Amino acid sequence: MTNNSYKDLLPMRSHPLALAIGLAAGLTSLSLPAATLHMGISGDPASLSPAKITGGVWEEDVLRDLFEGPIAIDAEGQIIPGAAESWEISDDGKTYTFHLRDGLEWSDSQPLTADDFVFAYRHQVDPKTASNYAHRLYPVVNAQAINAGKKPLEALGVASLDDGKTLQITLNEPTVYFLKTLVLPFAYPIPQHLYAKYGDDWSDPSHIAVNGAFKPVKWISNTELETRKNPHFHDADAVTLDGVDYYPLEDKVAGIQRFRAGELDILRDYPAAQYPRLSKTLPKATHRFPSLGTYYYVYNLRDGSPVADKRVREALSLAIRRDVIADQLLKGAVTAATSLVPPGTSDYQAQSQPGLDEPIDTRMAKAKALMQEAGYGPDKPLKLTLRFNSGDEHRQIAVAVAAMWKPLGVDVELRNTEANIHYADLMQGDFQVARAAWISSYDDAQNFLQLLSAETNNYGDYHDARYDQLLSESDGEQDPAKRAQLMQQAEALGLADYPLTPIYTYSSRNLVAPTLTGWDDNALDMHASRWVHKPE
């Protein structure tokens with residue numbers, strides 16, 4: 001995705017004026033179903049198309065309710081059958097065969113077949129689509145070559161068999177983590193009958209058809225996305241909600257106020273610093289749970305960037321007092337991080353960035369020396385722009401880090417934008433230092449390590465042949481211990497180059513109305529609304 005095309009990727013949405021006119025006509029005419037779930041999320045989705053989102057967690061939260069891939073996630077975060085009722089993996093680990101459920105339909109009652117999955121996966125790797133998720137399909141035969149424009153779409157290793165009842169995916173080599181990734185949006189089908197009719201506008205709420213539990217009916221940009229239960233969903237009888245309405249709330253303090261007022265049933269990702277107060281005033285509603293996520297600052301390594309110099313990056317990382325951010329600023333609701341891969345990731349020992357285990361005085365002395373070697377200091381300051389997406393917590397951290405860098409002779413300009421613009425600019429390389437985060441949708445170290453190898457989420461444009469080789473070898477390694485060793489070598493190698501600096505490890509933080517049932521805290525912090533029950 002490029003900056004120039006960003007607005008073109010957004011579907012047509014209702015204008016806020018339309019809502020104002022509707023309200024002026026009389027609030028009494030509005031009748032919302034009693035069992036509608038009202039959820040505050042961190043930002044507006046960039047699109048409702050699985051191929052057009054930027055990769056934000058809030059986007060995945062929304063699309064998880066609208067679509068379903070071959071596999072799905074239950075309330076506890078475990079893999080369960082999705083659109084496929086069963087599957088097999090060949091003995092050589094290269095061929096995945098998914099048997100789709102009988103009678104699958106899109107929300108417009110059109111049949112859903114394996115052809116829709118084949119179309120979707122080809123669409124994801126089509127270079128014209130510029131999908132942020134295309135790299136997720138690189139384990140599939142010819143995916144990378146197609147995405148590079150070197151082979152036709154038809155060469156992709158996916159096939160529709162048995163008159164559309166069976167989906168088959170063929171990989172280049174055994175890839176242990178691949179099945180887990182199929183819960184992500186890149187694995188969702190796309191209604192090719194609507195794409196043929198409307199092109200990229202197929203995902204506009206006035207046209208869209210979905211195969212998940214809920215269907216969009218109205219979208220007011222940066223205000224509300226309204227959905228209603230999809231009666232054509234294969235498990236619709238078990239869905240008790242009449243719909244889910246999502247409210248993008250980058251101002252989470254305002255979100256807390258709306259939750260207290262009963263306007264929201266759920267507020268996703270409340271500010272960490274609010275945890276002590278909320279746990280006392282709203283003890284039954286305040287959820288916190290260890291999760292697989294890392295909050296980090298990424299450096300732009302491209303030519304001409306002031307942080308292309310490794311000495312500068314190392315100095316900046318050494319000077320950050322993660323304990324102050326985690327324990328004081330965020331009130332202990334998160335854990336200071338020294339690794340990219342969160343501790344607690346299955347079958348893996350997280351590797352720390354060099355030097356972060358030293359006392360702060362030692363670190364600051366080394367940081368100042370590195371800056372002087374690079375030609376900077378109080379008499380010759382380094383001017384840096386630090387970017388972050390809007391939100392009080394992100395701003396507080398940025399202000400604190402800027403103060404920590406000041407003794408090194410660094411003058412920081414803070415710049416914030418809304419989440420979608422922020423991440424679109426990061427993917428374009430339009431930054432010097434920027435806040436980023438990665439919340440894993442599957443329990444595997446690879447999902448974090450690919451951030452320094454992938455084409456789209458590798459915001460700082462880090463490249464190292466040895467790193468890529470280690471990661472590639474680990475992808476095909478079947479022995480868990482040997483695979484972990486390869487990934488640990490890769491993490492240690494990458495962190496020693498300081499392409500990014502970990503700041504803290506997440507704990508999921510959600511406000512959930514105590515009257516709701518079916519919400520289970522889990523390490524992936526994934527909560528499909530189909531499992532939630534709300535009393536009328």
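**Exercise 1. Classify the exposure of Asp-347 and describe its backbone and its place in this predicted model.**

Solution. Asp-347 has a relative accessibility of 63%, and because exposed means over 50% relative accessible area, Asp-347 counts as exposed. As for its place, Asp-347 belongs to the loop between strand 13 and helix 12. The next step concerns the backbone: most residues other than glycine have a negative phi. Asp-347, although not a glycine, has a positive phi of about 55°.

**Exercise 2. Treat Asp-461 in the manner of Exercise 1, and then find the residue with a positive phi just after helix 11.**

Solution. Asp-461 lies in the loop between helix 15 (446-449) and helix 16, and its phi is near 65°, a positive value in a residue other than glycine. Its relative accessible area is 32%, which falls between the cut-offs of 20% and 50%, and therefore Asp-461 is classed as partly exposed. Turning to helix 11, the residue sought is Lys-331, which takes a positive phi of about 55° just after that helix.

**Exercise 3. Describe how helix 11 and helix 13 pack, beginning with geometry and ending with the residues in contact.**

Solution. The description of two packed helices rests on the angle between their axes and the distance between the axes. For helix 11 (residues 322-329) and helix 13 (residues 392-405), the axes come within 11 Å and cross at roughly 140°, and the crossing is right-handed. On the side of helix 11, the contact is made by Val-324, Ile-325 and Leu-329, which meet Gln-396, Ile-397, Ala-400, Val-401 and Met-404 of helix 13. Sorted by class, this contact holds seven nonpolar residues, one polar residue and no charged residues.

The solution can be extended to the burial of helix 11, where Arg-322, Val-324, Ile-325 and Ala-326 are the buried residues. Their cover includes helix 13, together with helix 10 (310-319), strand 13 (335-336), helix 12 (360-373) and strand 17.

**Exercise 4. Compare the surroundings of two buried residues, Asp-265 and Gln-124.**

Solution. Asp-265 is found in the loop between helix 8 and strand 11 (266-268); its relative accessible area is 10%, and since buried means under 20%, Asp-265 is buried. When neighbours within four places in sequence are left aside, the residues in contact with Asp-265 are Thr-36, Leu-37, His-38, Phe-259, Leu-511, Val-512, Ala-513, Leu-516 and Lys-534.

Gln-124 is placed in helix 4 (residues 114-125), and with 1% relative accessibility it counts as buried. Residues up to four places away in sequence again not being counted, Gln-124 touches Pro-50, Ala-51, Ser-131, Tyr-133, Ala-134, Leu-137, Asn-147, Pro-185 and Phe-186. The C-alpha atoms of Gln-124 and Ile-190, which are 66 residues apart along the chain, are separated by 9.9 Å.

**Exercise 5. State how many cavities of 30 Å³ or more are counted, and characterise the largest and the second largest cavity.**

Solution. The count comes to six cavities of 30 Å³ or more. The largest cavity encloses about 670 Å³ of space, and of the 43 residues in its lining, Ser-42, Val-57, Trp-58, Asp-269 and Arg-435 are the closest to its centre. Several elements each supply at least two lining residues, including helix 3 (57-66), helix 8 (252-260), helix 13 and helix 14 (419-428), while the largest share, six residues, comes from strand 17. By class, 15 of the lining residues are nonpolar, 16 polar and 12 charged.

The second largest cavity has a volume of about 160 Å³. Its lining has 17 residues, with Arg-64, Phe-67, Glu-68, Ala-72 and Ala-528 nearest the centre. Helix 3 and strand 2 (71-73) are the elements that give two or more residues to this lining, and strand 2 gives the most, with three. The classes here are 10 nonpolar, three polar and four charged residues.

**Exercise 6. Characterise the largest pocket by volume, lining and contributing elements.**

Solution. The volume of the largest pocket is about 620 Å³. Of its 23 lining residues, His-135, Tyr-138, Gln-144, Ser-453 and Asp-475 lie nearest the centre. Two or more lining residues come from each of helix 5 (143-147) and helix 16 (465-476), and helix 16 gives the most, with four residues. By class, the lining comprises eight nonpolar, 10 polar and five charged residues.

Notes: Residues numbered from 1 in each chain as written. Predicted model: local features only at pLDDT ≥ 70, side-chain atom pairs only at ≥ 80, totals over all residues. Heavy atoms only, no water. Axes fitted to C-alpha atoms, helices over the stretch in contact; angles between N-to-C directions. Left-handed = near helix turned anticlockwise from the far one by under 90°. Contact = heavy atoms within 4.5 Å. Nonpolar A, V, L, I, M, F, W, Y, C, P; charged D, E, K, R; others polar. 1 Å grid on protein atoms, 1.4 Å probe; cavity = no way out; pocket = protein on both sides within 12 Å on 5 of 7 lines; lining within 4 Å. Points joined across faces, edges and corners; volume = space filled by probe spheres on them. Buried < 20%, exposed > 50% of the residue type's maximum accessible area, 1.4 Å probe, protein only.
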